[in-house]
Amino acid sequence: MNKIKYVLYATLAIALMAIVATAQPGGATAGTADNQFSVDAAKAIGGGVGFGLAAGLAGIGQGLVGSRAAEGAARNPGAAGTVQTIMIIALALIESLVLFALLIVFVKL
């Protein structure tokens with residue numbers, strides 16, 4: 001019951017935001033050249049902050065994967081090869097997420 005209540009509140013909030021967004025006459029990009037400059041600057045700042053956050057959190061994740069793999073190999077040396085294989089796959093997936101974030105930043109700018 002509690003989850004249904006959250007879903008209903010979220011749907012209501014999205015619906016109310018959509019009403020306000022459609023009421024604007026020309027959107028955020030309409031106006032003078034100064035307004036367009038500020039939108040472009042906000043896009044650049046947002047892209048830089050977003051990618052920096054993604055890369056920083058991915059670095060933390062990669063460090064945790066490496067430390068947990070070293071702990072797993074130390075506890076069970078017989079499974080070190082399997083642990084190393086799983087660690088390499090996990091690191092590749094984490095790095096691919098960072099590359100997708102970089103791609104999104106380039107597409108948005």
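Here are four short exercises on the predicted model shown above.

**Exercise 1. Work out which elements make up the chain and in what order they run.**

Solution. Start with the count: the chain has 3 helices and 0 strands. Then read from the N terminus, where the order comes out as α-α-α.

**Exercise 2. Find how confident the predictor is, for the chain and for its elements.**

Solution. Begin with the whole chain: its mean pLDDT is 82, and 81% of the residues reach 70 or more. Next, go to the elements. Helix α1 (residues 2–23) has the lowest mean, 74, while α3 has the highest, 90. Keep a general caution in mind: predicted coordinates should not be read in detail where pLDDT is low.

**Exercise 3. Compare the span of helix α3 with the expected one, then list its buried residues.**

Solution. Helix α3 covers residues 80–108, which is 29 residues. From first C-alpha to last, α3 reaches 42 Å, close to the 42 Å expected at 1.5 Å a residue. Now for burial: the buried residues of α3 are I94, V98, A101 and V105. As background, residues three or four places apart in an α-helix point the same way, because there are 3.6 residues a turn. For the chain of 109 residues, 8% count as buried.

**Exercise 4. Place G52, classify its exposure and give its distance from L102.**

Solution. First, locate G52: it lies in helix α2 (residues 33–75). Second, take its relative accessibility, 41%; G52 is partly exposed because this value falls between the 20% and 50% cut-offs. Third, turn to L102: the two residues are 50 apart in sequence, and their C-alpha atoms are 9.5 Å apart in space.

Notes: Residues numbered from 1 in each chain as written. Predicted model: local features only at pLDDT ≥ 70, side-chain atom pairs only at ≥ 80, totals over all residues. Heavy atoms only, no water. Helix = DSSP H or I, 4+ residues; strand = E, 2+ residues; numbered from the N terminus. Expected span 1.5 Å × (residues − 1). Buried < 20%, exposed > 50% of the residue type's maximum accessible area, 1.4 Å probe, protein only. pLDDT = per-residue confidence, 0-100.
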